[in-house]
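Dear colleague,

Please find the structure below, handed over for your work. My notes on the findings follow it.

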Amino acid sequence: MKSKAPSILSGDLVLTGTIVSDGEIQLDGTVEGDVRAGSLIIGEDATVSGEVQAETVVIRGRVSGSVRARQVQLASTARIEGDIVHAALSVESGAFFDGHCRHSSDPLKDGGSSSKPATAKDNGSKSEPSAKADSKPPAPSKGQDPLGSLEPPVASKSGF
């Protein structure tokens with residue numbers, strides 16, 4: 001397979017919209033929108049305001065939005081404000097990251113923006129609301145031992 005030259009978006013370029021490429025993109029300008037690529041390099045002076053999806057991404061500049069990639073590399077000059085979903089992640093000392101980070105074996109297919117989870121409304125079935133995971137158990141009533149059977153039995157005084 002013949003290697004293709006990377007697409008280079010220079011520092012003086014400001015693009016509003018979505019960029020999609022199966023190949024390599026080197027971004028040195030500003031993108032106000034989503035970027036999807038096979039391989040992506042975001043330069044030190046580059047800014048992306050939107051979602052980034054790629055097989056591999058090297059971030060040296062700024063990203064305001066989520067990042068989904070199999071391999072993510074944050075250089076020391078990177079500034080990320082958003083979530084990262086990755087299969088492999090490396091972070092150099094000095095990189096700034098404000099968001100949640102989650103490992104996924106297939107980050108590009110796992111929870112992408114085009115797929116939404118099914119809900120009771122979507123499939124026409126009715127479901128009962130489930131109890132909240134963080135709900136507290138009811139408080140014990142007066143006179144009831146809060147530890148119940150967990151407390152060890154008290155030894156009797158029978159002259160042993």
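Strand 8 and strand 10 (residues 67-74) run parallel and are joined by seven bridges. Within this pairing in the predicted model, Thr56 stands opposite Gln71 of strand 10. On its other pairing, strand 8 is joined to strand 6 (residues 35-42), again by seven bridges and in the parallel sense. There Ile42 has Ile59 of strand 8 as its bridge partner. Strand 8 itself, which spans residues 52-59, is mostly covered, with six of its eight residues buried.

The pairing continues from strand 6 to strand 4, where four parallel bridges are found. Leu27 of strand 4 has Ile42 of strand 6 as its bridge partner. Strand 4 is also joined to strand 1 (residues 7-9) by three bridges, and these two strands run parallel. In that pairing Leu9 stands opposite Leu27.

Which residues of strand 4 are buried, and which are not? Ile25 and Leu27 point to one face and are buried, while Glu24 and Gln26 point to the other face and are not. This follows a general pattern, since side chains in a regular strand alternate between the two faces of the sheet.

Several of these strands also contribute to the largest nonpolar core. That core has 23 residues, and Leu40, Ile42, Val57 and Ile59 touch the most other members. Strand 4 (24-27), strand 6, strand 8 and strand 10 are the elements that give two or more residues to this core. As general background, nonpolar side chains in soluble globular proteins tend to be buried together.

Ile42 deserves a separate entry. Apart from residues up to four places away in sequence, Ile42 touches Leu27, Val48, Val52, Val57, Val58, Ile59, Arg60, Gly61, Arg62 and Val63. Two of these residues, Leu27 and Ile59, have already been named as bridge partners of Ile42.

A further group of strands forms an open sheet. Six strands take part, in the order 2-5-7-9-11-13, with parallel pairing. Strand 2 (14-16) and strand 13 (96-98) are at the edges; each has a single partner strand, so one side of each is left without a neighbour in the sheet. From one strand to the next, the twist averages 5 degrees. Strand 2 is joined to strand 5 (residues 30-32) by three bridges, the two strands running parallel. Leu15 stands opposite Val31 of strand 5.

Two individual residues that share a contact with Arg70 are also described here.

His86 lies in strand 12 (residues 84-91). Is His86 buried or exposed? Its relative accessibility is 8%, and because the cut-off for a buried residue is under 20%, His86 counts as buried. Beyond its neighbours within four places in sequence, His86 is in contact with Ala69, Arg70, Val72, Cys101, Arg102, His103, Ser104 and Pro107. His86 and Arg70 are 16 residues apart in sequence, and their C-alpha atoms are 5.1 Å apart in space.

Leu108 is found in the loop between strand 14 (101-103) and helix 1 (120-123). With a relative accessible area of 22%, Leu108 is partly exposed. Neighbours within four places in sequence aside, the contacts of Leu108 are Gln53, Ala54, Glu55, Arg68, Ala69 and Arg70. Leu108 and Arg70 are 38 residues apart in sequence, with a C-alpha to C-alpha distance of 7.3 Å.

For the chain as a whole, the following values were computed:

- The secondary structure comes to one helix and 14 strands.
- Of the 160 residues in the chain, 26% are buried.
- Among contacts with a separation of 6 or more, 8% are between residues 24 or more positions apart.
- The accessible surface comes to about 11,200 Å², and carbon and sulfur atoms account for 52% of this surface.

Finally, a word on confidence. The chain has a mean pLDDT of 79, and 66% of its residues reach 70 or more. Over residues 113-136 the pLDDT is below 50, and this stretch has seven contacts in the model beyond near neighbours in sequence. Predicted coordinates should not be read in detail where pLDDT is low.

Yours sincerely

Note on methods
Residues numbered from 1 in each chain as written. Predicted model: local features only at pLDDT ≥ 70, side-chain atom pairs only at ≥ 80, totals over all residues. Heavy atoms only, no water. Buried < 20%, exposed > 50% of the residue type's maximum accessible area, 1.4 Å probe, protein only. Pairing = 2+ DSSP bridges. Contact = heavy atoms within 4.5 Å. Axes fitted to C-alpha atoms, helices over the stretch in contact; angles between N-to-C directions. Areas by Shrake-Rupley, 256 points an atom, 1.4 Å probe, with all protein chains shown as cover. Core = buried A, V, L, I, M, F, W, Y, C linked by side-chain atoms within 4.5 Å. pLDDT = per-residue confidence, 0-100.
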